[in-house]
Every structure is written in C-alpha cells, then in structure tokens.
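Visitor: Could you pick a single part of this model and give me a close look at how the pieces around it fit together?

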Amino acid sequence: MAAASTPKISWEQISPAPVVLVFGKESFLADRAIQRLRALLLLEDPELEVNDLDAGQYSDGALELLASPSLFDEPRLIRVSNGVKATDAFIEDALRYIAAPVDGTTLVIRHDGSTVRGKKLLDAIRRTPGALEVVCLPLGRGDMIPFARNELRLLERDATPGAIAALVDAFASDIAELASAIRQVALDTEGQITEQTVRTYYAGRVETTAFAVVDAVIAGDVARALVTLRQAVATGADPVPMVAAFAMRFRQLAKVSGAQGGDGQAARSLGMQEWQLRNARRDLRGYTDASLCDAIEAIAVADAAVKGAERSAGHAVERLVRQLAARTAA
C-alpha cells in the first residue's frame with residue numbers, strides 16, 4: 001500500500017497538527033502561516049510555551065529537550081527556521097521525532113525550497129500521517145487580485161473592483177507592501193473603499209498606473225497612452241490589474257450609457273456618486289454604442305491574453321491600448 005501523502009494547504013487554511021512543514025520561497029506568506037498557527041494554539045491554551053530553533057545552527061538533542069513534557073504539561077510550539085541550511089544533527093533528530101511526535105507539541109519547520117538540503121526529512125514529513133504542508137509559493141500576476149480581495153475580506157471591508165485593481169497596480173511588486181497598504185487604507189477609512197479612495201490615499205505612490213493609462217486612452221491620446229503604459233511596465237505594473245482597470249472603467253461607461261434622467265437621479269439608480277456619473281457621461285462623448293461594444297470585446301480578449309491565452313502579456317496590453325486609444329481618437 002502506498003504511503004499517505006501530507007495534505008498541501010494555503011497559509012489561511014493552517015490548523016494545529018503534530019508536525020507542520022511551511023514550504024516555499026514566499027517568506028511573507030510563510031510568516032503569516034506561522035503567526036496564524038501560534039494564534040490558533042494560544043486560543044486553545046493561553047499557557048502555550050513557544051520555543052525557537054535555527055536548523056542551520058542546531059546542536060544534538062535540542063529538539064528532544066524542548067519537546068519533552070514539562071512538570072505542568074503545558075502545550076508546546078517549536079518553531080524551526082532555516083530548514084534549507086539544516087545541520088545533519090537536526091535532520092537526524094527531526095527524523096526520529098516525526099516518527100513519534102510528543103502529544104501536546106506542535107513542531108513547525110520552515111524550508112524555502114531554494115535547495116534540496118534536507119530532502120530526506122521533507123519526504124518523511126510528507127509521508128507522516130497527521131502532518132500538514134503549507135505551500136508558500138510566490139504569487140503570480142493572476143493571483144494578486146484574489147489575494148487583495150481575500151485580505152479585504154479578512155479585514156471585513158468592502159471595496160470596488162476598481163479600488164482593488166488600483167491597490168494591486170500600485171503595490172504588486174511586493175506582496176508585503178500590498179498587504180500593508182490594504183490594511184492601512186482599511187483601518188484609516190470608513191465605508192466602501194473606492195478607486196478614488198485609493199488614488200487619494202496613495203497619491204504619492206499611485207502615479208504612473210493603469211488608471212493613468214486608461215485616462216489617456218479615454219482622451220484619445222495614443223502617444224500619451226503608450227508612453228504612460230511603458231512607464232508603468234518599467235516600474236513593475238502587472239498586466240492583469242491593468243486590464244482589470246480598463247474593464248472596470250468601460251463597464252461603468254456601459255452602465256451610464258443607458259441611464260436616463262438627471263445626474264442625481266441617474267447616479268442614485270446606478271449606485272454611483274454624481275461626480276462619477278458626470279465624468280462617465282463626459283467620457284462617453286467619444287463613443288457610439290457600437291464602438292463601446294467593440295471596446296468591451298477588445299478588453300475581454302486582452303483579459304484572456306494576459307491570463308495565459310497568449311505568450312506575451314505585455315504585448316497584449318499594448319495592443320489593447322493602441323486599439324482603444326485609436327478608436328477614441330477617430
């Protein structure tokens with residue numbers, strides 16, 4: 001019979017287990033996982049004893065000493081860092097330990113996967129009944145918007161698609177910065193977080209972003225749109241949230257194109273601010289119903305392209321900008 005395989009889970013799915021492997025190069029997510037594990041264990045018992053070991057500077061017997069039951073039998077959390085540089089002594093002690101974990105003790109081992117050091121131990125953990133593996137791989141461009149959406153959900157805050165796209169567009173080069181920016185704007189504002197909230201709050205950071213590219217496209221300025229796009233790409237802007245920003249703006253134009261009545265009445269019926277509706281009506285002057293439909297179809301094609309349908313996401317975005325800006329200018 002084949003050995004059981006340890007479940008692979010994401011950081012927010014972590015739960016107490018005798019042995020937990022936190023594996024992958026994304027240190028921010030790994031830290032999140034270990035912090036969450038500690039918090040869950042503290043909820044179970046505030047008397048939790050926490051100890052740390054560096055696997056790269058490990059001495060014989062240290063793991064057994066820390067895991068041994070105490071006089072008062074407090075639960076233990078042993079956090080092991082630097083598994084990628086584990087000494088032979090740690091690997092041997094850990095192999096013995098996971099074969100017979102101590103009741104009431106949680107052993108969590110961090111390994112970034114950058115080398116195969118400790119592969120025998122990793123393989124053993126992955127075959128250990130009751131163990132868990134938390135996968136902490138770097139997020140791809142298609143993962144950033146779901147990550148931001150989940151961060152806001154955890155903070156119990158609501159945000160528009162445009163606000164999420166703006167946050168990702170400005171901070172996607174560093175997931176820790178993105179998480180920090182989301183937390184900051186969530187704590188410092190009230191009500192629904194909108195694109196305007198983000199652009200105002202992070203005015204110093206959200207400069208050459210997807211929204212600046214969209215503005216140039218709407219204005220029909222092909223040259224400015226392309227220059228702004230290339231500046232955005234050069235500073236690390238991600239193609240997925242860039243296309244998401246186009247989708248958000250053009251969906252708004254489509255909603256407004258069919259709205260009847262004055263600005264106030266129409267804005268209320270669409271759930272928009274009056275200034276948003278006025279701006280959208282101004283932007284619609286460059287479009288017919290047919291050209292607006294064509295633009296939305298082009299955005300749908302670009303969205304599929306940047307999510308893997310085409311080899312070059314950057315080329316797909318530039319093609320979209322050329323199509324939309326040229327159509328507006330025509």
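**Strand S6 and its partners, then helix H6**

Guide: Gladly! Strand S2 (residues 19-23) runs parallel to strand S6, and four bridges join the two. This is a predicted model, in which local features need pLDDT of at least 70, side-chain atom pairs count only at pLDDT 80 or more, and totals for chains, interfaces and linings use all residues. Residues are numbered from 1 along each chain as its sequence is written, and side-chain values use heavy atoms, with hydrogens and water left out.

To place the S2 pairing (at least two DSSP bridges between strands), look for Val20, whose bridge partner in S6 is Leu132. S6 itself covers residues 132-135, and strand S1 (residues 8-9) also runs parallel to S6, joined to S6 by two bridges. Here the residue to look for is Ile9, which has Val134 as its bridge partner in S6. So S6 takes part in parallel pairings with S2 and with S1. Strands are DSSP E runs of at least two residues, helices H or I runs of at least four, numbered from the N terminus.

Now move along to helix H6, residues 161-171, which is mostly covered, with ten of its eleven residues buried (under 20% relative accessible area, 1.4 Å probe, protein chains only). The buried set begins with Gly162, Ala163, Ile164, Ala165 and Ala166, and continues through Leu167, Val168, Asp169, Ala170 and Phe171. And what covers these buried residues of H6? Among the elements in contact (heavy atoms within 4.5 Å) are H5, H11, helix H7 (175-188), helix H8 (195-201) and helix H9 (210-218).

Terms used: Buried < 20%, exposed > 50% of the residue type's maximum accessible area, 1.4 Å probe, protein only.
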